[in-house]
Amino acid sequence: MGQGHVHDVVIIGGGATGATLARALSRFDLDVVLLEATAEVAFGVSKANSGIVHSAMHASPDTLKGRLEYPGNLGWRTLHEELGFGLNPVGEVLVALDDQQLTKIETIRQQGVRKGVPGTEPWTAERTLDAQPNLSREVKGAVWAPTACVFNPYEAVMLVADAARRNGVRIEVEQPVIAIDPPTPDDAGAPLVLHTPTAAWRTRFAVNAAGLFADDMAELAGVRDFTILPRKGEEYLLDKRLSGVVTSIIFPCPTPVSKGTLVNPTVDGTIMVGPTAQTVDDKYDTTTSEAGAAQVFSNARKLVPAISDRDVIAEFAGLRPVSDTEDFIVGPTERPGFINAAGIQSPGLTGAPALADMLVDILADEGLALTEKADWDPTAPHPVKFAQLSTDQQRDLAARDPRYAQLVCRCEIVTEAEIRDALERGAHTLDGLKFRTRAGMGRCQGGFCTWPCMQLLAEHLDVPITEVTKRGRGTWLIREREDQPVATTSTGG
Amino acid sequence: MPVTAATRHLDDRYQVTIVGAGPAGLAAAVAAREQGAERILLVDRDAEPGGILRQCIHSGFGLQAFSEDVTGPEYAHRFVERVLERDVDVLTDAYVTDVSRDLRVKLMSPSTGVTSVETGGVVLSTGARERTRAQIRIPGERPAGVMTAGLAQKMVNLHGYLPGQRVVILGSGDIGLIMARRLILEGVEVLGVFELLPHPSGLGRNVVQCLDDFGIPLHLSTTVIDIHGHDRVERVTVAPVDEERRPLTDQAWDIPCDTVLLSVGLIPDGELARQLHLSLDQRTGGPVVTSTYETSLPGVFSAGNNLHINDLADWVSQEANVAGAAAADVALGRVRARQDVAVTPGTNVRYVVPHTLSTDLTQTVSFRVKEPIYGDTILRVGEAHRRKVRAVVPAEMVTIKLGPKVLESFAGETLRVDAIPAAAADDLAAAGDDEQ
């Protein structure tokens, strides 16, 4: 990349919005770069949420987020077919616990019907308990929406980004945009120049898909007219013992501020409860709290009394990038070439594939020429999930490649071949491997597989093992041992 | 340790298959062979047999088994030699993914691929796993630098790297105590060991030899209530706890550090036990077993930390001797000993293993107390056995040998195991047998 080289599009942010846009643009003959600030794509907002492709009943069709919701739901299903990430159409049960809520949920169902969401049904209490026998006996009725799915958003976004990369998009991680040159007064057609700590990126168009930091990016471009207010959600994953306690996504009747605390099966079969909804000041605040746990479990038990915080195996918190308009902010700005895709809060993950198509249209309107590539490949080899294969399939794979018989993560049954495939697809940190393959996500939380994963990373990246990180800069894992005599330490005595 | 003997060809059928080649599996293999089994398969997930002993480079092993104080690797090595001398098939880098109820063992390894073998008896000797941060629910950020003490031990002792430079240890389990000393010797700053309970979780000798001798502070009734640091651990907040173990946050203080090691307990690794639907003891987390360590599924045995958490590897080997021999007996079609006496935890006893005893055999009853008693203590197994000891603490397992003679008059009964202060025992004796 010489000083004079000008890219067609630089996408700022490798979350669901940026990755689906990168993939949508990859079908055209364009020079596209995606810059991700963190160590791996999907490691911001997209990593830590409930993992739901929403039924599309909930958001009002008067909002942009509401209009993109159902087309986005369909888009994820297509991507699932093409790329092979896990996606399970478990459906949604929207529960009413009193008569007032019964009226409210029917209003939501009618809104879904108007938006073209197929298959919704009002259910009686009996019908609801028949389908979900572990729900509270207080249930007065429910709305069934078969369009809702669960998936691992990080896995999906990583594979979408990988598909973009296979079709020619350049993906650069640990490249936070820290400056954007001011406009050149005498040359309106001059490219935008974005600076990251190690490089300058000249581009005709920049798409601001920076999630929590979208307002900061707009500020750098000189066109900030909104603020991102991070809204924290704590989530709790429960032991496999509780698998099957609910088989669909259980929604409470929503309040004006939140969809409420959900109880849902994950695509891996475990049960997740959450989220909370708390506005915070700090864009890095992903702490969980005693108070958050108490609130989540108190709410969840109103729906599913059998659930208890004693069964927690993992907990995390994510931040929703809520704009002060409470809707998505999408479109060109006064800065020529700088296009916003900001404030992508729930159902932003669901809407992402549709938002990507909308952004392609916007770029075309702004003058980007779109010529389809002859060799664009919408599919990619689906990652092998050894643990989910039949014994015969496992035997055949292992006979072809013994690395499929070398276990790395014993809790989740992840093989060396799967780890190597993830490395080939761009994983370069321990968490990058974990979120692509599940290695380290199980009962022992990496006690066994941390070391072999670090060894495979060091070998693949061709670095000393001390340079392998948990999730990029600053997250070092081990130190070189110093050859020294037995220490006389200050704590001795 | 140089001993590797990766078996490349497996038989279709073994008399005894042993899952896990740590102290339990190695001893079980030797015992099964001595008992007459000829085709024995010993499977381990690591590249070499020995299990966790390989990373336990400190001494303190073998006092029971060899009447000699040796290190973990030496202890393992002696057993590995015995195993290899006895023509046992040792398959390393291998993992047993499933055991069916008709005793087909499904396993995978690069040398054999995905395959299965039939077996006459199975010994589950898969050991334990460490409790993690997720299980003790420390809120806060999730930076790099929080790991179990056992993983740190592996990094330091097997691979020669340090987990960090300024270390706080949460939990006073034995691995944590051992690692406190180990890291001090490597020039790492160990800022303290914090224990939620009012007494240490590890052995008394480890508190003295690993902490006291190196001036490392042990803070009892104190715990970590928050972890700070976005990328790498930067500091922890610790606080004393009240009698209900609730943190007294007004007395909390911060400790700058870059690493938190967790030594907060071990859990029997019960995945195969669960898959086999074995009856489990909620108190131990391991299977319910007979006096020969046979589980609720005939032909399946459990020994070592897979059965309950032992304090010494030597006890593990002794258990596995019994289990391995009994597995061979079952595979060879010999008659089992009667199981005609039940044992159950009584006063101040957390659990008892095994769950039934035989009036045909001499057997060992192992148990742990709930609360420490620092003074003369009466240990009782029903009316069959009564013994006075100086003290009992939860960290130290208690074992009692019981033979046919003491048991024979109790056939058909359930014996309660109690550990009570001697004074209280006298009062009880005076009051008669109301408690029964």
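In this predicted model, helix α3 of chain A is followed by A:G116, whose phi is positive, near 85 degrees. The helix itself covers residues 99-114 of chain A. With 16 residues at 1.5 Å a residue, α3(A) should span 22 Å. Its end C-alpha atoms are 23 Å apart, which agrees with that expectation.

The two sides of α3(A) were then examined. Four residues of the helix are buried: A:I105, A:I108, A:R109 and A:G112. Seen down the axis of α3(A), these buried residues fall within an arc of 100 degrees, so they line one face of the helix. The cover over the buried residues of α3(A) includes three elements of chain A: β5 (92-96), β6 (121-124) and β7 (141-145). On the other side of the helix, A:D99, A:Q100, A:T103, A:T107, A:V113 and A:R114 are exposed.

On a broader scale, the domain assignment divides chain A into three domains. Domain 1 is assembled from the segments 1-88, 151-227 and 324-382. Domain 2 takes 89-150 and 229-323. Domain 3 is formed by 386-467. The C-alpha centres of domain 2 and domain 3 of chain A lie 32 Å apart.

Chain A also touches chain B. In this interface, 45 residues of chain A are in contact with 44 residues of chain B. On the chain A side, the elements that give two or more residues are β18 (312-323), α9 (391-400), α12 (450-461) and β23 (479-480). Of these, α9(A) gives the most, with five residues. By class, the side of chain A that touches chain B has 17 nonpolar, 18 polar and 10 charged residues.

Strand pairing also links the two chains. Two bridges join β23(A) to strand β9 of chain B, residues 161-162. The two strands run antiparallel. Within β9(B), B:L162 stands opposite A:R479.

One residue of chain B was considered on its own. B:H277 is found in a loop of chain B, between α7 (271-275) and β18 (300-302). B:H277 has 10 other C-beta atoms within 10 Å. A residue with 12 or fewer such neighbours counts as exposed, and B:H277 is therefore exposed. B:A239 is 38 residues from B:H277 along the chain. The C-alpha atoms of B:H277 and B:A239 are separated by 41 Å.

Note on methods: Residues are numbered from 1 along each chain as its sequence is written. Chains are lettered from A and ligands numbered from 1 in the order in which they are written. This is a predicted model: local features need pLDDT of at least 70, side-chain atom pairs count only at pLDDT 80 or more; totals for chains, interfaces and linings use all residues. Domain bounds come from an automatic or database domain assignment. A residue is buried if 20 or more other C-beta atoms lie within 10 Å of its own, exposed if 12 or fewer, and partly exposed in between; C-beta atoms are placed from the backbone. Two residues are in contact if their C-beta atoms, placed from the backbone, lie within 7 Å. Ala, Val, Leu, Ile, Met, Phe, Trp, Tyr, Cys and Pro count as nonpolar, Asp, Glu, Lys and Arg as charged, and the others, Gly among them, as polar. Two strands pair if DSSP finds at least two bridges between them. The expected span of a helix is 1.5 Å times one less than its number of residues. The arc is that of the directions from the helix axis to the C-beta atoms.
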